Structures are given as C-alpha cells and as structure tokens.
Number of protein chains: 2
Amino acid sequence: RDSHITLAHGSGGKAMRDLIEDVFVGSFDNPALAALEDQAVVALSELASHGDRLAFTTDTFVVNPLFFPGGDIGTLAVAGTVNDLAVSGAKPLFLSCGIVMEEGLPVEALRRVVASMKRTAEQAGVYIVTGDTKVVERGAADKLFINTAGIGVVPEGISISARNARPGDAVIVSGYLGDHGTAILVARNELALETQIASDCQPLNGLVETMLRACPDLHCLRDATRGGVATVLNEFAQSSGVTIRVREAALPLRQEVKGACEILGLDPLYLANEGKLVAVVPAEAAQRVLAAMRAHPAGEHAAVIGEVTGEQAGVVVLQTVFGGERIIDMLVGEQLPRIC
Amino acid sequence: RDSHITLAHGSGGKAMRDLIEDVFVGSFDNPALAALEDQAVVALSELASHGDRLAFTTDTFVVNPLFFPGGDIGTLAVAGTVNDLAVSGAKPLFLSCGIVMEEGLPVEALRRVVASMKRTAEQAGVYIVTGDTKVVERGAADKLFINTAGIGVVPEGISISARNARPGDAVIVSGYLGDHGTAILVARNELALETQIASDCQPLNGLVETMLRACPDLHCLRDATRGGVATVLNEFAQSSGVTIRVREAALPLRQEVKGACEILGLDPLYLANEGKLVAVVPAEAAQRVLAAMRAHPAGEHAAVIGEVTGEQAGVVVLQTVFGGERIIDMLVGEQLPRIC
Ligand SMILES: Nc1ncnc2c1ncn2[C@@H]1O[C@H](COP(=O)(O)OP(=O)(O)OP(=O)(O)O)[C@@H](O)[C@H]1O
Ligand SMILES: Nc1ncnc2c1ncn2[C@@H]1O[C@H](COP(=O)(O)OP(=O)(O)OP(=O)(O)O)[C@@H](O)[C@H]1O
Ligand SMILES: [Mg+2]
Ligand SMILES: [Mg+2]
Ligand SMILES: [Mg+2]
Ligand SMILES: [Mg+2]
Ligand SMILES: [Mg+2]
Ligand SMILES: [Mg+2]
C-alpha cells in the first residue's frame, strides 16, 4: 500500500479505483455509492416524500491549514454544503465529494479528512453518494481541496428568501460570532496569540428544523460564512429593500474573540463563521423562535441583535455601545484568505 | 475594473459579489441563479415530468493547459458532467459551478472559460443554477480548477448499468478513440509532433437520446474518459462477470492518433476521450443502434468493436490485427496526468 498520493491515484486506472474503494466507498458506505456507476440514482418518489421542491447547492473548500481546533477541511466540506441547503428550509439528503489532491499528500491525512466527512454526514443525516478524485503534480495545488454539492428537499409551504425581510421583523443570530475565523487565524500561527479557540464548524439543519417548527414563516435565513454577519445583513437589506439596525451591545461574542479582535483591529461582524446563521423573523414570533433555538445545542447562545426598519433601502446601521451610529458595509477587500 | 484576480475576489465581500454578478450571473443568465440565494430551488413536479429517478454526479477539472484545440476547461467541465448524467439515460437538467482560482489569473481568461461553459450548457440544454468562487494565493493552485455537479432525470423504464452485459451482446464505441488525450499531449508541447488534432470534447446527451429511441434496452453505457476505452471495458467485464472480446482491426482511429501512438509507444485503448462512449447492447439491436448513432453528429464514426462472451468473469481480450490475442487490463500507473 502506498503511504503517499501519487499521480497514478488520479489516472482513472487501477490505482485510482483501489484508492476509491478503500478510502471513499469503505468509509461513506452506502449502496448508491458502492455501485460505482458514473452517477447516483434516487427515486423521485423518495424525494417527494420530504416536500415539493429540490434544493441544489455547491461549495469548494480550500482552507489552510487542513486541520484546526474544532474540525478540519472534511468537517467543513460537509457542514458547509448542508448549511446552504438547510437555510432554504430544505431537508439535506445527498452530497457529492470532488477531491483534488497534490501529489505527495500522505494517505493518512486523506483518511482523517474522509473520516471527518463521514462523521459530519452522519450527524447531519446525509449520504455522500457520488464523487470524483483528481491528483495534480507537486506544486500545482496546496495539499487538498474538496468540493461538495448537495441536494435536499424543501417542505411544502416553506418560503425563505433574502427578499422577505419586512419593517418590524426581528434579527436573530444563532450564537457567538467569529469563532471559525479566529480559530483559523490562531491555527495559522500568524499572530502571537495564546488563545485556544475552536471553530464553530457544524451542520445547522437540526437547528433550522427546530426554528421552522416554532415559526414556519421564517422570512430570511443565511449561514454567515466568508464576509461574516455584516455581509449577510447587507444581502438581506439589499435584496429586501430595507434598513437593518443592529445593537452592538447585543452581539454574542466570546471573550477570546473580542480580545483577538481588539489586538488585531478586526471587526467581529466580518469574521467568518461555519456554524452560525442569521435569521429575520416576524416580530410576534421572535421570542418563540429564540426560545426554540436556545433549547437546541447549535443555538444555545442565540440572541436577538436588531430589527428591520423601512427607513432606507439596502442599509445596515450599527448602534454602538457608546450610543453612536455607524453604517456597516459589505466586506471590502480581503480579510483573511482560505478561511473555508 | 480589475484585470487580474485578487484574493479579494474570494473574500465573500463586495469584490466577490461584483465578480459573480458580472462574470457568472451575466453569462449563465437564468432566474434560479440570478436570485443569488445560497441554493437553487426547482419544483419536483418539473423534474417528474421527465421521468421517475433523479441522477446526481460530479467531476472536477484540472486540465493543463486551460485552452487547447477543440475546447478548454470550461467546455470540458460542462460536457464531462453532462456525459456522466447522460450515460444513465438521464436527461441532464441543472449544473453547479465551483471555481478555484489562483491569485493573478487574468480576468479575461476566466471570461473565456465562462463563455465556453455557457455555450456548452446551451448545446446540452442544461442551466448552471448555483456556484461558488474561491481564490487561493499565488502558487497554491495552478491557474484555475472547476468542479461541476449535475442533476438530471432518468425516464421510466430505462435501466442502464455496468452490471447488465450479457454473453452475446455487441460492444459499440461512438467514434474515433484518443482524440482528447492526443490533443492535450500535443498542446503541452511535450512531444515533437507537428500533428494538428482537436479534442473530441462534447456533450453526448443528444446521442444517447437517439440510441435509446433505437433501443430502450441498452445494457451498459459509459463515457470513456481517463483510463480510456480499456478501462471502461474492464469495468463492464468485472461488474457483469463476463469476458469482452475486442477486435483491434475494428477500432476507429484517426491516422494522426495512430501515428502519435506509434511514435510514443502509447496504446490508443488507454487514451482519454471527452466525447466518446462505449455501449453494450443486445445483439439483435446492434445494427439498429449503430445506424441511429451514425445519423447523429456525435456518432458519425461509431463502430461495433467486439462482443460479450461467457468464457470467464472480468476479462477483456484483444484480438490483434495479426491474429493473436492479448489481455487488456485496466490502466496501471499514470498515463498522462491532468488530462481533464
Ligand atoms: N472522492 C470520491 N468520493 C466518493 N466517490 C468517488 C470519489 N471519487 C470517485 N468516486 C466514485 O468512483 C466512481 C468512479 O469515478 P470516476 O471519476 O472515475 O468516474 P467518471 O467521472 O465517470 O470518470 P472521469 O472522472 O474520468 O470523467 C464513481 O462511482 C464515483 O462516484
Ligand atoms: N462560480 C459561480 N458560478 C455561478 N454562481 C456562483 C458562482 N460563485 C458564486 N455563485 C453564486 O453566488 C451566490 C453567493 O455565493 P457564495 O459562495 O458567496 O454563497 P455561500 O456558499 O452561501 O457562501 P460561502 O461560499 O462563503 O459558504 C450564490 O447564489 C451562488 O450560487
Ligand atoms: Mg456556503
Ligand atoms: Mg451560505
Ligand atoms: Mg469523475
Ligand atoms: Mg466523468
Ligand atoms: Mg464517466
Ligand atoms: Mg459558496
């Protein structure tokens, strides 16, 4: 057995087939994948038992380093795509796994990543049913990139969209902001911080289910990944043609993240999260949704952080702890590359 | 406007959003994508109008060089995933587009690739409805990688599988072998060949539709990509537990490819194709399917190359032009990396 990935593992021939059967089929372990046909096939009637619309999404993951406190590129690759399905209200069902490896990657690193994918898929209740494996020469990629695409089914009657925010609606976040971004910064050793902080990387479909039971009429929902909460709020404000007012004092922040941000001059509203969502909900449902979220492990530290007003289209305003006001734009420039 | 891709184009913020709207949404141009939600949503009833099963597949493309005679990485990325859907008999419907770019890539190169994706998607009748854009630092990836995932719907009654080959069946290829592999070799200037040869890169869903009209009971169907026709034949022989006998004299080969193979000591049965399929069909249907294929532009040079026997499980035998016999294995080792 090879200890490192070689170009033959991407050849389409015997070495690749053996690797796929050993590492991927062995771990992901489901009949749709095990058939090793060029595509996975699922009965539409099975899909229809979950709702009336198919949701389809994709993300590529290029995070550096591959392993970090709280997760690794495999955890991220499954949770990230599950979350982009979940925020439509869909039940996530099936994922694909497209891997690009750099020649020389230790097979052991691949195994660890695949084990994380498997574990996170189980946690989210999804199956990885199809995939692809490419190998590029040393120097043509940085160790390992993963693309996952996902399909899920939206239950009848659910209609969540960035365009649905209405004046009076409440704005909720599902917990502490910026944990993932801070964890990656620290893991890169780019700063002289002693902080021990774990990524929040996790599937959110269970939390969204809970929220929908409390209020089937959720207006907007998005996971706050690259660009952070500030970017999601701007997307909601723009797509809905409203103003969103946020209270700085209400933002749930860990002491360690606050500290890191102060030292580095970063704004936690722009830090990446990989297991946090922003919701806009009708005012009358806000406390009900909040209570439901807090009763779920992924929403323990959920908080109402602001509300929607009709003042001006496409604007996000922060009411600072000192009583002032500040416009919060989308992220301009790069904050931190290869965060996910 | 930036002339080159910067890390800010992968930040999740304003620069990325502007690039996506300008390059991807502008070109792919369909309402599901234009909504820019975290996922595309399609009515299951629309899918059900095409058949009873969903097909789902993915491929990542890392071809080097990005542009070559007959296509580019964009043509490949759409045709490749369309073909993995088509060989199940599915009507390909929707694709995703996950892009990884190296910092410094000329935006003009991206535009050309995206235009090819759009053109090929139109040709295949599919829409690109969701995507993702990542940028890595200079040196962390080689220019541009694309992942596409695809979904399609298999019409009722169609059941194609690598396990369906039966003794007596005929084996057909859809045209000249090895064009793509040879085109990439030549484009890389790694050999002192003057040969002008274009990749065969093309969507095959139209051809498959034609074949299914001629014979709804196609047994096996696969596009012969990495690993070539030899690898597909071995997959069929193994999955079906049969022997496949191929006549060397019957293999459709361009003079240029034959020449290149002789000079370089390559076997055209292992060369990659990106617009060719191998079919196993009931003997009684062989001439009907062949005639239908030849009447389609993607099957003009289709040929019966052999037949299935019950001699031994999992074996592929080549009857050489000199009257001898040779076992044809799966590709062992690497023939040519970064072919697709
Ligand atoms: N990383 C992976 N995870 C899960 N399954 C995989 C992975 N890589 C490949 N597979 C599975 O292995 C089988 C063979 O994949 P392969 O990519 O060779 O098929 P293909 O797409 O038809 O060929 P090509 O990629 O050359 O076009 C398929 O069933 C595929 O789903
Ligand atoms: N290369 C692309 N081709 C087509 N559409 C794209 C592409 N990149 C992004 N998009 C679309 O742009 C929108 C924003 O994508 P983005 O990746 O920022 O969302 P996300 O996945 O929720 O965030 P993240 O990637 O940070 O998790 C989505 O609607 C997505 O489908
Ligand atoms: Mg995402
Ligand atoms: Mg998202
Ligand atoms: Mg593949
Ligand atoms: Mg393929
Ligand atoms: Mg294939
Ligand atoms: Mg994305």
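Which element gives the most to the shell around ligand 2? In this predicted model, the answer is β6(B), with five residues. The legends below start from that ligand and then turn to the domain and chain contacts.

**View 1. Ligand 2 lies between chains A and B.** The surroundings of ligand 2 comprise 19 residues. Those that come nearest are A:Asp84, A:Thr225 and A:Arg226 from chain A, together with B:Glu37 and B:Thr133 from chain B. Sorted by class, the shell has eight nonpolar, four polar and seven charged residues.

**View 2. Oxygen atoms of ligand 2 pair with polar atoms of A:Asp84, B:Glu37 and B:Gly131.** At A:Asp84, the partner is an N or O atom of the side chain, 2.9 Å from an oxygen atom of the ligand. At B:Glu37, a polar backbone atom is 2.6 Å from an oxygen atom of ligand 2. For B:Gly131, a backbone N or O atom lies at 2.9 Å from a ligand oxygen. On its own, ligand 2 has 610 Å² of accessible area, and the protein covers 94% of this.

**View 3. Elements of chain B around ligand 2.** Two or more residues of the shell come from each of α1 (14-28), β5 (91-102) and β6 (127-136) of chain B. Of the elements, β6(B) gives the most, with five residues.

**View 4. Domain 1 and domain 2 of chain A.** The domain assignment places domain 1 at 7-154 and domain 2 at 170-327. Taken over C-alpha atoms, the centres of these two domains of chain A are 27 Å apart. Their contact takes 20 residues from domain 1 and 21 residues from domain 2. Between them the two domains bury about 1,600 Å², with 65% of it on carbon and sulfur atoms. On the domain 1 side, A:Pro69, A:Asn83 and A:Val87 lose the most area to domain 2, and together they account for 32% of what that side buries.

**View 5. The contact between chain A and chain B.** Chain A brings 77 residues to this contact and chain B brings 78 residues. The two chains bury about 5,900 Å² between them, 58% of which is on carbon and sulfur atoms. Within chain A, the residues A:Leu44, A:Phe56 and A:Arg226 supply 14% of the area buried against chain B, more than any other three residues. A:Arg226 is also among the residues that come nearest to ligand 2.

Conventions:
Residues numbered from 1 in each chain as written. Chains lettered and ligands numbered in written order. Predicted model: local features only at pLDDT ≥ 70, side-chain atom pairs only at ≥ 80, totals over all residues. Heavy atoms only, no water. Near = heavy atom within 4 Å. Polar contact = N/O pair within 3.5 Å; in protein donor to acceptor, adjacent residues only side chain to side chain. Areas by Shrake-Rupley, 256 points an atom, 1.4 Å probe, with all protein chains shown as cover. Helix = DSSP H or I, 4+ residues; strand = E, 2+ residues; numbered from the N terminus. Nonpolar A, V, L, I, M, F, W, Y, C, P; charged D, E, K, R; others polar. Domains from an automatic or database assignment. Contact = heavy atoms within 4.5 Å. Buried area = accessible area lost by both parts, 1.4 Å probe.
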